[in-house]
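Subject: Structure handover

Hello,

You asked for the structure and some notes to go with it. The structure comes first, and the notes follow below.

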Amino acid sequence: DNCYKAIEQPYLCSLMIVEGKKARIVAKKGFTDDVLSLSFHVSDTFLFLETKGKMDRVVIINDLSKYQEQYDLRAAIEGSDEYLRSTITTPIYVNNKLYAILSFDSLSDHAFLPRDEDLLYIVKSNLEIILTNHLMHDQIKLLSLTDPLTQCYNRSYIETYLENHKKDHFSVVMFDLNDLKTINDDHG
């Protein structure tokens, strides 16, 4: 909602998470819920097409009719059968990897101006910082609960688990490996 409010003209907004070579819509504003089941090949996105595969900047396309033959641009808009006419879209990078694509769409021709591009760069930067921090937090949490070499839960996790499951019945099994130090020293 806050991203949607940052740009003056959009009627629609979507966030696509990039998973490999696919982009899947995970959040939307103005579209029907049907769009949440859509995924696209990244090379079929407006951002990819307009940047000729670079996906390195905010892009304004104020006349989507050039894609009319390639795509059915009728939007899955709540209560409408109108066509998308303009879009402004940006890549979201996290740790130098394409993480998402954020798009604002309009049913009007030439809906977006250079000032919208400036605003979207600010939104893009903030989203990248937020997502980077979130993913770092998740990584730190994982590292605090597991051994980095074996990925097994550590003592801190086990203590918390036992504290939270005092009333449960369970068994604890412990084992020891002979000569583990030698194996670690020789093989890492």
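Accessible areas here come from the Shrake-Rupley method with a 1.4 Å probe. On that basis the chain exposes about 12700 Å², and carbon and sulfur atoms supply 53% of this area. Please keep in mind that this is a predicted model.

Overall make-up

The chain has 188 residues, and 30% of them count as buried. Its secondary structure amounts to five helices and six strands. Read from the N terminus, the order of elements is α-β-β-β-α-β-β-β-α-α-α. If you take the contacts between residues at least 6 apart in sequence, 51% of them join residues at least 24 apart.

The sheet

The six strands make an open sheet in the order 3-2-1-6-5-4, and the pairing is antiparallel. Strand 3 (39-41) and strand 4 (59-61) are the edge strands, each with pairing on one side only. From one strand to the next, the twist averages 25 degrees. As background, strands of a sheet pair through backbone hydrogen bonds, in either a parallel or an antiparallel way.

Going through some of the pairs:

- Strand 1 (residues 12-19) pairs with strand 6 in the antiparallel sense over six bridges. Leu12 has Asp105 as its bridge partner in strand 6.
- Strand 5 and strand 6 are joined by nine bridges, again antiparallel. Here Thr89 is matched with Ser103 of strand 6 as its bridge partner.
- Strand 4 and strand 5 (residues 86-94) pair in the antiparallel sense over three bridges. Ile61 has its bridge partner in strand 5, namely Thr87.

Strand 5 and strand 6 also form a hairpin, with two residues between them. One residue in that turn, Asn95, has a positive phi of about 55 degrees.

How enclosed is strand 6? Residues count as buried when their relative accessible area is under 20%. Eight of the ten residues of strand 6 are buried, so this strand is largely enclosed by the rest of the structure.

Helix 3 (residues 114-145) lies across strand 4, strand 5 and strand 6 (97-106). The angle between helix 3 and strand 5 is about 30 degrees.

The loop between helix 2 and strand 4

Three residues of this loop are worth a note. Thr51 is found in the loop between helix 2 (46-50) and strand 4. With a relative accessible area of 2%, Thr51 is buried. Leaving aside residues up to four places away in sequence, Thr51 touches Asp56, Arg57 and Val59.

Lys52 belongs to the loop between helix 2 and strand 4. Is Lys52 buried or exposed? Lys52 counts as exposed, because its relative accessibility is 75% and the cut-off for exposed is over 50%. The phi of Lys52 is near 55 degrees, a positive value in a residue other than glycine.

Met55 is also in the loop between helix 2 and strand 4. Its relative accessibility is 4%, so Met55 counts as buried. Met55 is not a glycine either, yet has a positive phi of about 50 degrees.

The loop between strand 4 and strand 5

Tyr83 sits in the loop between strand 4 and strand 5. Tyr83 is partly exposed, because its relative accessible area of 31% falls between the 20% and 50% cut-offs. Tyr83 and Ser65 are 18 residues apart in sequence, and their C-alpha atoms are 9.3 Å apart in space.

A nonpolar patch on the surface

Which residues make the nonpolar surface patch of about 760 Å²? The patch is made by Tyr153, Ile158, Tyr161, Leu162, Phe170, Val172 and Met174. One of these residues, Val172, is found in the loop between helix 4 (155-164) and helix 5 (180-187). Val172 is exposed, with a relative accessible area of 62%.

Where to start

If you open the model without other plans, strand 6 is a reasonable place to begin, and its pairings with strand 1 and strand 5 can be followed from there. The loop with Thr51, Lys52 and Met55 could come next, and then the patch that includes Val172.

Regards

Technical notes: Residues are numbered from 1 along each chain as its sequence is written. This is a predicted model: local features need pLDDT of at least 70, side-chain atom pairs count only at pLDDT 80 or more; totals for chains, interfaces and linings use all residues. Side-chain values use heavy atoms; hydrogens and water are left out. Helices (H or I, at least four residues) and strands (E, at least two) are DSSP runs, numbered from the N terminus. Buried means under 20% relative accessible area, exposed over 50%, partly exposed in between (1.4 Å probe, protein chains only). Contact means heavy atoms within 4.5 Å. Patches are made of residues with over 30% relative accessible area and no salt bridge: like charges are joined within 9 Å, nonpolar side chains (Val, Leu, Ile, Met, Phe, Trp, Tyr) within 5 Å. A salt bridge is a side-chain nitrogen of Lys or Arg within 4 Å of a carboxyl oxygen of Asp or Glu. Two strands pair if DSSP finds at least two bridges between them. Axes are lines fitted to C-alpha atoms, for helices over the stretch in contact, and angles run from 0 to 180 degrees between N-to-C directions.
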